[in-house]
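Me: Hey, got a minute to go through a structure with me? I'd like to talk about its pockets and its ligand.

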Amino acid sequence: MLIGPLYLYSTGTKQHLYVEKGALVKDMAAHMAPDLGRPLYLNQALEPIFGDGVLRANGKTWVYQRNVIIAELFMSKIKTMLYSMEDSAMEIVKKWDKSIEENKGKTVDLVIEHDLKVLSEDILSKACFGSNYGEGKHVFERLGAMQTKLGKTSTLLGFFNLSFLSINGNKEVWRMKKEVDVLITKMINDREIQNKNKNDDEKPNDLLQKIIESSKRDTTLNEKGFFKRKYDMNQLTIDLCKNIYFAGSESTALATTWALWLIASYPEWQQRLRSEILEAFDYKLPHSFSEDGKLQKLKLLTMVIQESFRLYGPAVTNSRETFADMKFGDLLVPKGTYLWMFVPALHRDTDNWGPDAAEFKPERFANGLSKACKYPQAYIPFGFGSRNCLGQNFTMTEIKIALSLLLYHFSFEVSPDYRHCPVSNLLLIPKYGIRLLVTRLNHTQK
Ligand code: HEM
């Protein structure tokens, strides 16, 4: 059946508009929340995992949370996390080095995504919550288990099968929710104990601290009549932490995994990237990421990551609900319509990207996103408009550091045992894992 880039269908009383037209996404991106928000019916099913956290919220709770975290993820703040990101990334270098050593210095065939997952969980735990992977591990494990139970799609997006959970399955998800809440409550309480008797300038300066302080300072959400129900600020604090744990870990790990697989698949690009890294860091082990402009110098690496996000971005679908009658271009969309975007199709739209849209061509980003395609607003690996991802800078920095260190130390080829099968399971995952042949490199210093 041919259905085209714009079509409407209904499920009972709900109307769904599927949009795969760059020009329309551009118009949608120009509309501000709250008229265009998270779909309400998806929201109900996702309550155990996200509570009223920023990913699921609409209206004033969303505004409150976005304001709490936004400045904590600005580039100026991320610059203070560079050492810690690098430290975590060096762990993976040491681990792969050890595997090679145990193989008498010869090339090893490694499944990479688990190590990259641990890396991104460690970075997020340290940077945002002042703990490490060991401490955050139980939260990640339980959130992962809930995610698997809750189905085949993400909050960020779509096609949520609401009928799949049995009563027992449902009970189990709520049990896991309670476990996660207990773990996060303990983390918050521990932080409050640590903070006792400390002056403000002695307290940690991370996202968790900001979330705790804002919840005490900001009482607007508690005011009677402001919402249909009174908000429990303690629960909202827990929910927001939970949302950050969820939003910031697996997505980044998968993005790094897919980018490394593409780099291994295109040896000429791999060589070009390595030369750029060696040059930027003066042929020394890259450990000066905090030096001004070093990361910005990695222009080819940025292009490769952008292209990887275009073809293998972890977020597969995106969705919105119109909370008012709206107009996008010539199209009138009534209140209560669900809007769906299937990102891989949008990112391979030949009308927007040209006839080579399906090919890996990082050079299309040589002069920036605005020159790479007709409708830059329809490049949406991090979503669009006023609800776009707050973690973009964090993620891009983390991926650049991890890939620079890995490309400095190792060369990569795709293993003959690799089976290409990207599937959407909440996020875009490699169904059979990603296997790479990893070889140690020894650089002679300049
Ligand atoms: C490769 C990594 C990542 C990808 C692909 C990704 C993708 C997305 C997408 C598609 C959305 C929905 C945007 C929309 O509906 O238009 C989103 C929302 C969000 N992301 Fe990310 N994200 C990543 C990493 C992160 C990180 C590291 C953080 C935080 C440390 C983060 C925090 C958030 C938050 C708070 C939102 C909710 C924004 C809102 O609703 O206002 N993300 N992300």
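Me: Which residues lie nearest the centre of the second largest pocket?
Reply: Those are Lys117, Phe140, Gly144, Gln147 and Glu250, out of 20 residues that line the second largest pocket. Keep in mind that this is a predicted model.

Me: OK, and what volume does the second largest pocket have?
Reply: About 360 Å³.

Me: Which element gives the most to the lining of that second largest pocket?
Reply: That's α8, with eight residues. At least two residues each come from α7 (113-129), α8 (133-150) and α11.

Me: And how do the lining residues of the second largest pocket divide into nonpolar, polar and charged?
Reply: You get eight nonpolar, seven polar and five charged ones in the lining of the second largest pocket.

Me: Switching to cavities. How many of 30 Å³ or more are there?
Reply: The count comes to six cavities of that size. The largest cavity holds about 630 Å³ of space. It is lined by 35 residues, and the closest to its centre are Leu55, Ala247, Cys389, Leu390 and Gly391.

Me: Which elements give two or more residues to the lining of the largest cavity?
Reply: They are α4, α7, α11, α12, β5 and α18. As for the kinds of residue, the lining of the largest cavity divides into 22 nonpolar, nine polar and four charged.

Me: So where's the ligand in all this, I mean which space does the ligand take?
Reply: The ligand takes the space of the largest cavity. The elements that give two or more residues to the shell around the ligand are α4 (59-70), α11 (233-248), α12 (250-265), β5 (317-322) and α18 (392-409).

Me: How many residues surround the ligand, and which are the closest?
Reply: There are 30 around the ligand, and the closest are Arg38, Trp62, Arg66, Arg320 and Cys389. That shell divides into 18 nonpolar, eight polar and four charged residues.

Me: Cys389 again! What does Cys389 do at the iron atom of the ligand?
Reply: Cys389 is the only protein donor of the iron atom, through its SG atom at 2.3 Å.

Me: And where is the place of Cys389 in the chain?
Reply: Cys389 is in the loop between α17 (369-372) and α18.

Me: Last one: which N or O atoms of the protein lie by the oxygen atoms of the ligand, say from Trp62, Arg66 or Phe384?
Reply: For Trp62, a side-chain N or O atom is 2.7 Å from an oxygen atom of the ligand. With Arg66, a side-chain N or O atom is 2.6 Å from a ligand oxygen. Phe384 uses a backbone N or O atom instead, 3.0 Å from an oxygen atom of the ligand.

Key. Residues are numbered from 1 along each chain as its sequence is written. This is a predicted model: local features need pLDDT of at least 70, side-chain atom pairs count only at pLDDT 80 or more; totals for chains, interfaces and linings use all residues. Side-chain values use heavy atoms; hydrogens and water are left out. A residue is near a molecule or strand if one of its heavy atoms lies within 4 Å of it. A polar contact is a pair of N or O atoms within 3.5 Å; within protein, one must be able to donate a hydrogen and the other to accept it, and residues adjacent in sequence count only if both atoms are side-chain atoms. On a 1 Å grid over the protein atoms alone, a cavity is a set of points where a 1.4 Å probe fits but cannot get out, and a pocket is an open set with protein on both sides within 12 Å along at least five of seven lines; lining residues have an atom within 4 Å of a point. A molecule sits in a cavity or pocket if more than half of its atoms lie within 2 Å of its grid points. Helices (H or I, at least four residues) and strands (E, at least two) are DSSP runs, numbered from the N terminus. Ala, Val, Leu, Ile, Met, Phe, Trp, Tyr, Cys and Pro count as nonpolar, Asp, Glu, Lys and Arg as charged, and the others, Gly among them, as polar. Grid points are joined across faces, edges and corners, and a volume is the space filled by probe spheres set on the points. Donors are N, O and S atoms within 2.8 Å of the metal (3.2 Å for Na, K and Ca); water is not among the atoms, so sites may look incomplete.
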